[in-house]
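This report looks at a predicted model. The ligand and its surroundings come first, followed by the pairing of aromatic rings.

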Amino acid sequence: MIQEGVCVYPGSFDPVTNGHLDLIERATQVFPRVIVAVLNNPGKQGFFPVEERVRLLAKACAHLPKVEIDSFQGLLVDYMKKVNAGIVIRGLRAVTDFESEFLMAQVNHQISPEIETLFMMTSPQFAYISSSVVREIGGFGGEIASFVPGSILEDISTALKKAR
Ligand code: COA
């Protein structure tokens, strides 16, 4: 049975950015329980291993008692059923996000009509941030302090520098 007040914020989080954290913090003001779920996609190798993305998220969200970090494989709707959640949270940064998000929400609703997707607009100061921007700038030794949470800046910078 779907539990009221539980939302899931799914994504790759490779790595988590200030834009993601902004959305997570704002979601905790609306929902009593927020599950941040990292997609474990065996078909797409990311930069950070999934366990590391989970660890970084947990560190960045340590000040948020309503937040739990998890990972999942397969379909999001199946994961939603597993954790008894009915609401998916997604962020919209710009109109360019709209088309893919619209499609994803429609597909999920079609295969599981009880699942609702709610969108939150990304705060304007984070609209240009993405995980690949962080990886690219940090990978070339650039300054990423304004892109990622301070608590995990060192972890991310060190990992990106090592890979150079
Ligand atoms: N702030 C900053 N960056 C943001 C952001 C925000 N608020 N929202 C999204 N982004 C960025 C991410 O950093 C990522 O950047 P990158 O491409 O540079 O790495 C990019 O936007 C994509 O975001 P993400 O949330 O990771 O989306 P995704 O498309 O990789 O994954 C899932 C979306 C996990 C929800 C989706 O793929 C999924 O549910 N998969 C499971 C399979 C399934 O159920 N499929 C059927 C549905 S169609």
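## Polar contacts of the ligand

In this predicted model, Arg90 places a polar side-chain atom 2.9 Å from an oxygen atom of the ligand. Ser132 also offers a polar side-chain atom, which lies 2.3 Å from an oxygen atom of the ligand, whereas Ile129 contributes a polar backbone atom that is 3.3 Å from a nitrogen atom of the ligand. Of the 960 Å² of accessible area that the ligand has on its own, the protein covers 77%.

## The shell around the ligand

The ligand is surrounded by 21 residues, and the closest of these are Ser12, Leu76, Arg90, Ser131 and Ser132. At least two residues of this shell come from each of strand 1 (6–11), helix 1 (18–28), helix 4 and helix 5 (131–139). The space that the ligand takes up is the largest pocket.

## Aromatic pairs

With ring centres required to lie within 6.5 Å, the count comes to five aromatic pairs. One of them joins Phe98 and Phe102, whose rings are 5.3 Å apart centre to centre with 20° between the planes; the pair counts as stacked because planes under 30 degrees apart are classed that way.

Both residues belong to helix 4 (residues 95–111), where Phe98 and Phe102 are four residues apart and therefore separated by about one helical turn. Phe98 is partly exposed, with a relative accessible area of 47%, and Phe102 likewise counts as partly exposed, at 44% relative accessibility.

Notes. Residues numbered from 1 in each chain as written. Predicted model: local features only at pLDDT ≥ 70, side-chain atom pairs only at ≥ 80, totals over all residues. Heavy atoms only, no water. Phe/Tyr/Trp six-rings, centres within 6.5 Å; stacked < 30°, edge-to-face > 60°. Buried < 20%, exposed > 50% of the residue type's maximum accessible area, 1.4 Å probe, protein only. Near = heavy atom within 4 Å. Polar contact = N/O pair within 3.5 Å; in protein donor to acceptor, adjacent residues only side chain to side chain. Areas by Shrake-Rupley, 256 points an atom, 1.4 Å probe, with all protein chains shown as cover. 1 Å grid on protein atoms, 1.4 Å probe; cavity = no way out; pocket = protein on both sides within 12 Å on 5 of 7 lines; lining within 4 Å. Sits in = over half its atoms within 2 Å of the grid points.
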